[in-house]
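Work through the exercises below with the sequence and coordinates at hand. Each task is followed by a stepwise solution.

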Amino acid sequence: MTTQQISDAELAGQPAAYWTGVAYEALISYTRARMTEKGYTQPQFWLLRNLSVNDISPDGEGMTLPELREAMVSYIRPEDDLAVEAEGLLERGWLTRDAEDRLWLTAEGEQARVDLARNAPAIRAALHEGIDDADYVTTLKVLQRLIRNAGGTVA
């Protein structure tokens, strides 16, 4: 596919799967680069979020790496190594590991999660620059319809 200007009629004939794939890779790369600039990785943030009772975790209980992988199955990428990412958080004191190999969020880890979450609005703002909310909503509704048309489910 080319990035040159094409007419709306030509654009209407373009395959959505191609463009959603390009968009996905660009958005993930941008987001991960911004997080890395701030000293953490997206998988590390996900680990903190999945272990926090104040975020994704329903009960704040510790989880093993296989349990965390399962919890993240819809968004973790093949190259994400949760064992390596968890080691970095253990070294920082943001997680602890118990005798059953369950990872637990520390008070420092919870504060880090809160602090790191403050980066999200700036990332979103940069990605949404020049896109009004109505256009964004329309785009998501179109993508949801494409998903349903393809036999997928929309959460």
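**Conventions**

This is a predicted model, in which local features need pLDDT of at least 70, side-chain atom pairs count only at pLDDT 80 or more, and totals for chains, interfaces and linings use all residues. Residues are numbered from 1 along each chain as its sequence is written, and side-chain values use heavy atoms, with hydrogens and water left out.

**Exercise 1. A salt bridge between distant parts**

Task: State how exposed Glu25 is, find its salt-bridge partner, and explain which parts the pair ties together.

Solution.
1. Glu25 has a relative accessible area of 38% and is partly exposed; buried means under 20%, exposed over 50%, and partly exposed in between (1.4 Å probe, protein chains only).
2. Its partner is Arg77, with the closest N and O atoms 3.1 Å apart. A salt bridge is a side-chain nitrogen of Lys or Arg within 4 Å of a carboxyl oxygen of Asp or Glu.
3. Glu25 belongs to helix H2 (residues 16-37), while Arg77 sits in the loop between helix H4 (65-71) and helix H5 (82-92), so the bridge ties together parts 52 residues apart in sequence. Helices (H or I, at least four residues) and strands (E, at least two) are DSSP runs, numbered from the N terminus.
4. Arg77 is buried, at a relative accessible area of 13%.
5. The structure holds eleven salt bridges.

**Exercise 2. A salt-bridge network**

Task: Determine which residues are joined into one network with Arg113 and Glu110.

Solution.
1. Arg113 and Glu110 meet through their side chains in a salt bridge of 2.6 Å, N to O.
2. Both are in helix H6 (residues 107-117), three residues apart, and are therefore separated by about one helical turn. An α-helix has 3.6 residues a turn, so residues three or four places apart point the same way.
3. Arg113 is buried, as is Glu110.
4. Shared partners link Arg49, Asp55, Glu110 and Arg113 into one network of salt bridges.
5. Within this set, Asp55 pairs with Arg49, the closest N and O atoms being 2.7 Å apart. Asp55 is partly exposed at 26% relative accessible area, and Arg49 is partly exposed at 26%.

**Exercise 3. The core and helix H3**

Task: Identify which helix gives the largest share of the largest nonpolar core, and what covers the buried residues of H3.

Solution.
1. The largest nonpolar core has 21 residues, and Leu47, Leu48, Leu68, Leu95 and Leu103 have the most contacts inside it. Such a core is a set of buried Ala, Val, Leu, Ile, Met, Phe, Trp, Tyr and Cys residues joined through side-chain atoms within 4.5 Å.
2. Helix H3 (42-51), H4, H5 and H6 each supply at least two core residues. The largest share, five residues, comes from H3.
3. Nine of the ten residues of H3 are buried.
4. Their cover includes H2, H4, H5, strand S1 (95-97), strand S2 (103-105) and H6.
5. Beyond its neighbours within four places in sequence, Leu47 is in contact (heavy atoms within 4.5 Å) with Leu68, Met72, Leu82, Glu85, Ala86 and Leu89.

**Exercise 4. Backbone at Asp101**

Task: Locate Asp101 and give its phi.

Solution.
1. Asp101 lies in the loop between S1 and S2.
2. Its phi is near 70°, a positive value in a residue other than glycine. Most residues other than glycine have a negative phi.
3. Asp101 is partly exposed, with a relative accessible area of 46%.
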